[in-house]
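User: Please take a close look at a single part of this model, a contact between helices, and then follow the account into the neighbouring topic of strand pairing.

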Amino acid sequence: MEIAPNIHRIECTFQGTRMAYVHLFVGESASMLVDTCCVHNPEQDIVPYMESIGFDPKSLTYILISHSDLDHQGGNAPMKRIAPQAIMMCHNLDQPWIDSAEELIVNRYMQWDAPHGYETTPEAKADLHSTMDCLPVDMTLEGGEQFNMGGGWYIEAVHTPGHTWGHLAVYDPVSKTMAAGEAALWNAILDIDWNPVLPPTYCYVDTYLSTLERLMSMDIQVYSPAHWQVQRGSQVNEFLRESRNYCLHVEKHLLDYASTMESFTLKQAIDDVGPKVSTWDESGNGLFTFPFNGNLERLTQRGLLTQSRNDDNIIIWSKS
Ligand SMILES: [Zn+2]
């Protein structure tokens, strides 16, 4: 659907009940696709949408990948095969994980294995690989770049880290529209029926909170995120404030929890605190690794918690 003049929001579905929205900006002399979702989505959703509005994929100028995650970069190689002339780009901080699915899986999704006692089975790893077909991007960005779309229309790449270090959103100053990806993660990630299914996977808390402040200070009238409804007008800052409040709410719960425990692992914190801060089925709680670790790292930096290792060399926290 067209959410603002020449800005299209395209629904992509994956893993049965999940969806991610990708965006298409169509100018007089240039066009930009933001994200490719998973390996099957260019053919299943993106190209059919382009055809429905009379847009030829062979005329696509840019493909900008908002950040390194399977449901944003998984369709990169298929999309590039469909639109080989398009220049594919992402932020330089996310480039290693966008260029290579193996790098993304080992360094992002399996980062919890050794230090926190998790185990990614070969089958689980193969499942992750099966969602993606990646390739090296053509160029990298740092945020602040302006794209001349023709007819005096410029759009801008905005660095919005927190969910990843190199997360980018794309802003149109004419309609004041932000294609926001996962710059803000609300209090849950939603499924195709708008039900909460997963925790908000922010990772780097100070950075995430700064991004939310920056977004709140911008003039955004249409905010179109990857896994949530379009927010308009006063809804925009409500969405951003809820994202911030949830993050701080989790941090408070973790600090309270620490004062009841001699020490605890990330897994224990998820088992004990997870149910208190979730509105979804507990099968989604595994992804609390990302936000809980982020909050625990921040509490450690603030001197409120102390981090060490137990006899099994697993990271533990205790109250300072
Ligand atoms: Zn993501």
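Analyst:
**A helix contact and a central strand**

From helix α5, residues A101, I105 and Y109 meet K125, L128 and H129 of helix α7, where contact is C-beta atoms, placed from the backbone, within 7 Å. The model is predicted, so local features need pLDDT of at least 70 and side-chain atom pairs count only at pLDDT 80 or more, while totals for chains, interfaces and linings use all residues. Residues are numbered from 1 along each chain as its sequence is written. Helices (H or I, at least four residues) and strands (E, at least two) are DSSP runs numbered from the N terminus. Helix α5 covers residues 101–109 and helix α7 residues 122–130, and the two pack at an angle of about 130° with axes 10 Å apart. They are therefore oblique to each other (not under 35, over 145 or 65 to 115 degrees).

Turning to the strands, β3 spans residues 18–26, and eight of its nine residues are buried (20 or more other C-beta atoms, placed from the backbone, within 10 Å). Strand β2, residues 7–14, runs antiparallel to β3 and is joined to β3 by eight bridges, with pairing requiring at least two DSSP bridges. Within this ladder I10 has V22 of β3 as its bridge partner, and the hairpin that β2 and β3 form leaves three residues between the strands, with Q15 in the turn showing a positive phi of about 45°. Strand β3 also pairs with β4, residues 31–34, in the antiparallel sense over four bridges; here F25 stands opposite M32 of β4, and the β3–β4 hairpin has four residues between its strands.

Conventions: Axes are lines fitted to C-alpha atoms, for helices over the stretch in contact, and angles run from 0 to 180 degrees between N-to-C directions. Two residues are in contact if their C-beta atoms, placed from the backbone, lie within 7 Å. A residue is buried if 20 or more other C-beta atoms lie within 10 Å of its own, exposed if 12 or fewer, and partly exposed in between; C-beta atoms are placed from the backbone.
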